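Let's take a walk through this structure together. Keep the sequence and the 3D view open as you read.

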Amino acid sequence: MDQIITILKQLYAVEEYTEYDLYVTGHSLGGALAQLLAFILAGILEAKELPAKKVIAITYASPRVGNKKFQKAFKALEKEGKLRHIRVSNDGDVVPVAPSLGYYQTGVNLHVKPKGKMKVGYRKDRNFFTQVRLSSASMHSLDYYHERIF
C-alpha cells in the first residue's frame with residue numbers, strides 16, 4: 001500500500017494532474033480488489049495527504065466484498081463525497097451476487113440486459129436464484145458486458 005501511495009503522490013505532484021479525481025477499475029476479482037482499494041484510499045486521503053478529491057471505482061462483474069459493517073462505512077465515505085462506486089452487472093451473471101450469505105454490494109448498480117433499458121439503482125442487488133441460467137458462465141465475460149452496454 002505504501003508503494004501505491006508513493007506513486008500516487010508522485011503523479012499528483014505533476015501540475016497538470018493536481019485537479020484529477022482518482023479512478024480504479026477492474027473485472028470480476030479485479031473489480032472486487034478495485035472496490036477494496038478505492039475504499040481504503042478514500043479513507044486515508046487526508047491522513048496520507050493525497051490531493052485527490054474523490055476516489056471512483058468502476059467495476060464490472062464484481063462479487064460482493066463486505067458485510068453490513070463494511071457497507072455502512074462505505075456509504076459514510078460516499079456521503080462525505082470522498083468515494084463513488086459504479087458497479088456494472090450483467091443479467092444472468094452469477095458472480096455479482098456471490099457470495100450470497102452475509103455479503104452485500106455497494107454503490108450504484110448499472111444492470112445490463114440483452115434487450116431493453118438497463119436498470120439503475122443505488123446499492124441495488126440481485127438474488128442469486130434470479131441470475132442462475134444454463135448460460136450463466138458465458139454471461140461473465142467482458143465481451144457480453146461490452147455487447148450489452150454498447
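**One helix, two sides**

Start with helix H1, whose buried residues are Ile5, Leu8 and Tyr12. Around the axis they take up an arc of only 65°, so they sit on the same side of H1. Keep in mind that you're looking at a predicted model.

What lies over that buried side? The cover for the buried residues of H1 includes strand S1 and helix H2 (29-44). Now turn the helix around: the face pointing away from the buried side carries Asp2, Gln3, Gln10 and Ala13, which are exposed.

You can also check the length of H1 yourself. With 12 residues at 1.5 Å a residue, H1 should span 16 Å, and its end C-alpha atoms are indeed 16 Å apart, so the two agree.

Next, follow the chain out of the helix. Tyr20 is in the loop between H1 (2-13) and S1 (22-27). Is Tyr20 buried or exposed? Neither, quite: it is partly exposed, because its relative accessible area is 48%, and buried would mean under 20%, exposed over 50%. Tyr20 also joins Ile7, Leu11, Val14 and Tyr17 in a nonpolar surface patch of about 440 Å².

Now zoom out to the chain. You'll find five helices and five strands, running α-β-α-β-α-β-β-β-α-α from the N terminus on. Of its 150 residues, 40% count as buried. The chain exposes about 8,800 Å², with carbon and sulfur atoms supplying 59% of that. As for contacts with a separation of 6 or more, 69% of them are between residues 24 or more positions apart.

Key:
Residues are numbered from 1 along each chain as its sequence is written. This is a predicted model: local features need pLDDT of at least 70, side-chain atom pairs count only at pLDDT 80 or more; totals for chains, interfaces and linings use all residues. Side-chain values use heavy atoms; hydrogens and water are left out. Patches are made of residues with over 30% relative accessible area and no salt bridge: like charges are joined within 9 Å, nonpolar side chains (Val, Leu, Ile, Met, Phe, Trp, Tyr) within 5 Å. Accessible areas come from the Shrake-Rupley method with a 1.4 Å probe; for residues, only the protein chains shown count as cover. A salt bridge is a side-chain nitrogen of Lys or Arg within 4 Å of a carboxyl oxygen of Asp or Glu. Helices (H or I, at least four residues) and strands (E, at least two) are DSSP runs, numbered from the N terminus. Buried means under 20% relative accessible area, exposed over 50%, partly exposed in between (1.4 Å probe, protein chains only). The expected span of a helix is 1.5 Å times one less than its number of residues. The arc is that of the directions from the helix axis to the C-beta atoms. Contact means heavy atoms within 4.5 Å.
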